[in-house]
Every structure is written in C-alpha cells, then in structure tokens.
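Reader: I'm new to this one and would like a close look at a single part. Could you walk me through one of its sheets, and what lies around it?

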Amino acid sequence: MKAAHPNKKSTIGLKLISVIMALLLWIYIGNQGGNTPRQDTVQADLQYIHLEDGLSVKQAPSKVSVTMWGNYRGSNNITAYVDLSGLEAGTHVVPVNLEPVAGAMFTRVNPKEVEVVLTRLQQREFRVEYQVTNEPPAGYELLDLAITPDKCIVSGEDNILSQVSRVICPVNLANSTGVDSLRLRLQARDARGNAINEGLRIVPETVIVHAAVNQKMISKELLIKPQFKGSIAEGYRIKTVTIEPSEISIISKQELPAEQSEILTAEIDLAGKKQSFSQEAALQIPAGAKAYPAQVLVEISIEKIPAEESDQNEDSRARHQTTPGT
C-alpha cells in the first residue's frame, strides 16, 4: 500500500482550513444582518502605559498602522498600546498591543514591535514664588500673602530641567476684598519668564494661597498745634510750650487735603493758672482716620511778669487811653 504523499496531506489541510474559514465568514455575515464587510487601514495613536516612576519616554513612535476587516462602525475606537511594566532606563524592543475593535473580524497592527528609549528623570527643589496677575479692586491693597507648601520638586530630562529658572504661582486678586484661601496651579518659568509646559512634572501641582486684602490706607505726617482756652492769672505769662511728640503720623482711607500740615489738640484750660503744668491732650482726628500716637503731652511753662515790666506795661496802656488835649 502506497503512503500518502506529504504534499497531498498539506493540500488536504489547507482545503479544510479554507472550508472552516468560509463557514465562519458565512456565520459572521449572517449575524451582521447581511451588511457588507469592508476593509480599512488607518493611523492610530500609540499609547505607552505602566511607565515606572522616575522614568520618561525619550524616543518612541507616536503612531502605528491598523488594518481592519469586517462590519465595524468607524475607526475612532482603536486602542493601540505598549506595556512598559518593569522596564528600566535604556533601549527596548517591545510588542504593540491592540484592543479588540467592535464589529471587526480581523485586525492587524504594523509594526508589531517598536523600539522605545527610556531615560531616568532628574529632579530639583524650588522655592515657590507668587506673581500677582491682577491687582485688588480700586481702593484696596494686598497686606500679606502666604503659600502652603512653599517648596516643590520639579522633575524632567536634563535638557528641559536645566531651563527652569523659577516656579511661580499666579494669583488673581481682582475680586478679593478680605482674607481669601485659593488653590492654585504652579508654573515652571525660564530665565525670560516664559512658561515651560512640556516635559516636566511638578510635585505638588497645586498649592494653597492665603491672601489678606484690605482697604488702602494713606499716611501723612502732621505737626501738632495746641489749642488753649481761658486766660492765665493777671501778672503772669506763658514762657514756653513744649509738645511731645511734636508731629504724628495720621492714616486715613481717604486722601487728606494737600494744604493740611497741622492737627489740633483738644482745648487746654489756662484760666487762672499761675504755675507751670503738663497735661495729656487728645488730638482732633478726622473721621475715618487713625493717628499714632492718639494723644500727646503738652508742657506749659508759666512765669510771673517782673514788677518793672508790669509798671511799663501799665504806663503804656495809660498813654494809649489818654486823649489829646486832656
């Protein structure tokens, strides 16, 4: 009995596979309600997943070709990816994976493998600075601002990380009139102040900013002028008046008149005084303003008029009261 020729066995196997494939195709088309299958080759974005911490994809293809055959709807639901689990820094050849496409009987990706270059990231610590992008409303000013945390870690490839000059937190105070707590995103800037948006990772990405805004106060230095009422005892006179301090700082929410250079004390009573004395006197502070200090010490030195001066003054007054011809 003659043995079957090997080529004949192969032919029988191929025919059997063809029959099975035709049967599967007939079943598939029947399940699709008679819709005609089609074939497309499209470019799909290649995703890189499970990258180890501290590494970056330095060089790798961004797209692959995907061929589909079947009764699928559209080509926007293609997911092609490379699993980078367990890979260290260096050059690797890794397979491209393709998620099943709904409605596609056959799919094929090209290339099936890609070369990926991984590099280890460098990192530096930066102090977080703030930059006011919009000032407070008219009549208000920033009193204080605190950032928590006030430091961050920036990581990236050497050629990108070396461009970072500072890390800033942009702060918009256009609507602030009190104490606000804001969560804001950090930005890396180069020496020219340009933002670096790609190839860097900032930890943390956001910080809490506490900003204290208050109504703007206007300060002015004014001399102190004492006010008196009443007359000292007859035969006495004021020798000197000393004020401590002689000028004060006044702070107001409104502009003070440009011509105003003095501020008055409350009235000090001199009636019947014969001896020197000192007295604390409050200041007449305008409404809505504050003065530092709010009161001053006024020292009045009083002396007795000598008898000869008193007689001369009496004679002088008498001559002025005498009319001509009397």
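Author: Sure, let's take the open sheet of three strands, ordered S18-S23-S21 with antiparallel pairing. Strands here are DSSP runs of E, at least two residues, numbered from the N terminus, and two strands pair if DSSP finds at least two bridges between them. At the edges sit strand S18 (236-244) and strand S21 (277-282), each pairing on one side only. On average, neighbouring strands of this sheet are turned by 25° against each other, direction ignored; the axes behind that angle are lines fitted to C-alpha atoms, and angles run from 0 to 180 degrees between N-to-C directions.

A word on the source: this is a predicted model, where local features need pLDDT of at least 70, side-chain atom pairs count only at pLDDT 80 or more, and totals for chains, interfaces and linings use all residues. Residues are numbered from 1 along each chain as its sequence is written, and side-chain values use heavy atoms, with hydrogens and water left out.

Back to the strands. S21 and strand S23 (residues 295-304) run antiparallel, joined by six bridges. Within that pairing, glutamate 280 stands opposite leucine 297 of S23. In general, strands of a sheet pair through backbone hydrogen bonds, either parallel or antiparallel.

Now look over at phenylalanine 228, found in strand S17 (residues 218-229). Phenylalanine 228 counts as partly exposed because its relative accessibility is 32%, and partly exposed means between the buried cut-off, under 20%, and the exposed one, over 50% (1.4 Å probe, protein chains only).

Technical notes. Helix = DSSP H or I, 4+ residues; strand = E, 2+ residues; numbered from the N terminus.
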